[in-house]
Amino acid sequence: MSDHGPRCGLRGDRIGVFAAVALFFWNRLDCQFVPNRVEGFGYNKKTMGKQPGAHDRLAERLIRLLIKLNEGQALELPALAREFDVSLRTVQRDLQRLSAHLPLEVVEGRYRLTPSALGRLSTKELSTFASLSGIDALFPSLSGHDLPGLLAARDTMLVRGHHYEDLHTKAPRFRDLQKAIIDRRLLTFHYTSHGETKAYQDAKPYKLLNNKGIWYLAASHRGKLKTFCFAKLTGLHVQQATYTPDPDVERIVTEQEGVWLGETRTTVKIRVDSEVAPYFIRRPLLPNQRILNELEDGALIVSAEVGHENQILPVVRYWIPHLTLEKPAAWQSLVIESIQAYLHRFQSCSPYTHQ
């Protein structure tokens with residue numbers, strides 16, 4: 001029986017006949033019952049055409065109770081009575097019905113499933129993880145109640161274009177950094193960049209960032225916020241000394257896109273030709289992209305806020321000749337200079353130029 005219908009994290013061998021049947025009905029009732037205000041649960045007359053009877057209301061309450069219990073909630077009788085708009089005695093009878101098939105325990109007047117009966121992850125936790133990993137916007141609709149249907153239809157989808165570095169061998173170091181961030185511990189480490197290795201003392205770790213599949217550590221060192229490629233960190237030591245986080249630094253790390261973080265930001269203004277404008281309308285292709293104006297010929301004027309020119313110049317080069325950097329003008333000159341340097345190198349090295 002555990003292989004049929006959504007389990008939502010609850011172990012199938014602990015559900016029992018009654019709970020399995022309740023979950024079975026939930027798939028069919030979910031589209032018919034809709035949450036109401038504080039009075040309790042509303043009823044969608046368009047789908048049923050009549051008010052629910054006592055058995056319908058009982059089934060609805062039991063299903064809601066199952067979901068709450070499976071999410072690991074500790075349930076209080078007075079709160080449930082107010083939510084369902086029923087008496088304390090009615091809620092108590094409902095829980096007694098469930099306790100006949102589920103391992104419920106009462107701790108300080110609160111009803112909950114024993115830890116051994118809980119699944120590893122609830123749909124709420126899975127939704128939180130989807131948001132944390134940045135894939136919540138990947139699907140048109142993703143919420144706790146959508147997950148079972150999404151997983152059931154997994155054979156209809158194929159996601160490509162997401163490539164990440166393999167850090168399995170560095171997992172212990174990653175966990176050490178996570179704990180250091182949580183505990184606000186100072187760090188000592190070595191960092192190698194462009195063939196040069198430097199030592200960093202008393203760095204303040206704020207966040208682990210993943211940008212385009214690469215993990216970075218955002219940390220403050222000697223009053224300056226920096227990002228360090230995680231794979232290039234060596235000799236990591238978590239100190240016992242702690243630090244007090246700076247709210248301004250936390251805001252910058254949270255709000256700014258990319259790995260070039262800091263107070264100094266440059267406003268970029270770009271003209272996008274009509275041939276490629278739909279791509280920039282469909283989704284942002286620039287950091288903090290905003291469409292300022294749509295011109296009569298279909299072209300766009302867009303802006304972006306960046307911390308370094310390398311957040312913009314590779315994008316412009318990719319879309320040559322359809323993007324023009326209007327501001328700052330010096331950056332457009334850098335694009336032209338890089339193209340000229342490439343052409344000069346190609347012309348001097350290519351065998352075709354000597355034929």
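This section describes the secondary structure, strand pairing and residue environments of a predicted model.

The protein has 12 helices and 14 strands, and 32% of its 355 residues count as buried. Among the contacts in the protein with a separation of 6 or more, 56% are accounted for by residues 24 or more positions apart. The accessible surface comes to about 22700 Å², and carbon and sulfur atoms contribute 52% of this area.

An open sheet is formed by five strands in the order E9-E8-E7-E6-E10, with antiparallel pairing. Its edges are strand E9 (224–229) and strand E10 (233–242), each of which pairs on one side only. On average, and with direction ignored, neighbouring strands of this sheet are turned by 45° against each other. Within the sheet, strand E7, which spans residues 196–211, pairs with strand E8, residues 214–221, in the antiparallel sense over seven bridges, and Asn 210 stands opposite Trp 215 of E8. Helix H9, made of residues 247–255, lies across E7, E8 and E9 and runs at about 60° to E7.

A residue of this sheet that can be followed in more detail is His 190, which is placed in strand E6 (residues 185–193). His 190 has a relative accessible area of 35% and is therefore partly exposed, a class that lies between the limits of 20% for buried and 50% for exposed residues. When neighbours within four places in sequence are left aside, the contacts of His 190 are Thr 197, Lys 198, Ala 199, Lys 232, Leu 233, Thr 234 and Gly 235. Of these residues, Thr 234 is 44 residues from His 190 in sequence, while the C-alpha atoms of the two are 5.2 Å apart in space.

A further set of pairings centres on strand E13 (residues 300–306), which is mostly covered, six of its seven residues being buried. Strand E11, comprising residues 266–272, is joined to E13 by seven bridges in an antiparallel arrangement, and in this pairing Ser 303 of E13 is the bridge partner of Lys 269. Strand E12, comprising residues 290–294, also runs antiparallel to E13 and is joined to E13 by four bridges, with Glu 294 standing opposite Leu 300 of E13. The hairpin of E12 and E13 has five residues between the strands, and in this hairpin Gly 298 takes a positive phi near 95°.

Strand E5 (residues 110–113) likewise has pairings with E3 and E4, described here in turn. Two bridges connect strand E3 (residues 75–76) with E5 in the antiparallel sense, and Glu 76 has Arg 110 of E5 as its bridge partner. Strand E4, residues 104–107, pairs with E5 over four bridges, again in the antiparallel sense, and Val 106 stands opposite Tyr 111 of E5. In the hairpin formed by E4 and E5, which has two residues between the strands, a positive phi near 55° is taken by Glu 108. In a regular strand the side chains alternate between the two faces of the sheet. Such an alternation is found along E5, where Tyr 111 and Leu 113 point to one face and are buried, whereas Arg 110 and Arg 112 point to the other face and are not buried.

Two residues located in helices complete the description. Lys 68 lies in helix H3 (residues 54–70) and, with a relative accessible area of 15%, is buried, because this value falls under the limit of 20%. Apart from neighbours within four places in sequence, Lys 68 is in contact with Gln 73, Leu 75, Leu 80 and Glu 83; among these residues, Leu 75 belongs to the stretch 75–76 that makes up strand E3. Leu 343, in turn, is placed in helix H12 (residues 329–349) and counts as partly exposed at 40% relative accessibility. Leu 343 also takes part in a nonpolar surface patch of about 460 Å², which is made together with Ile 320, Ile 339, Tyr 342 and Phe 346.

Notes:
Residues are numbered from 1 along each chain as its sequence is written. This is a predicted model: local features need pLDDT of at least 70, side-chain atom pairs count only at pLDDT 80 or more; totals for chains, interfaces and linings use all residues. Side-chain values use heavy atoms; hydrogens and water are left out. Two strands pair if DSSP finds at least two bridges between them. Axes are lines fitted to C-alpha atoms, for helices over the stretch in contact, and angles run from 0 to 180 degrees between N-to-C directions. Contact means heavy atoms within 4.5 Å. Patches are made of residues with over 30% relative accessible area and no salt bridge: like charges are joined within 9 Å, nonpolar side chains (Val, Leu, Ile, Met, Phe, Trp, Tyr) within 5 Å. Accessible areas come from the Shrake-Rupley method with a 1.4 Å probe; for residues, only the protein chains shown count as cover. A salt bridge is a side-chain nitrogen of Lys or Arg within 4 Å of a carboxyl oxygen of Asp or Glu. Buried means under 20% relative accessible area, exposed over 50%, partly exposed in between (1.4 Å probe, protein chains only).
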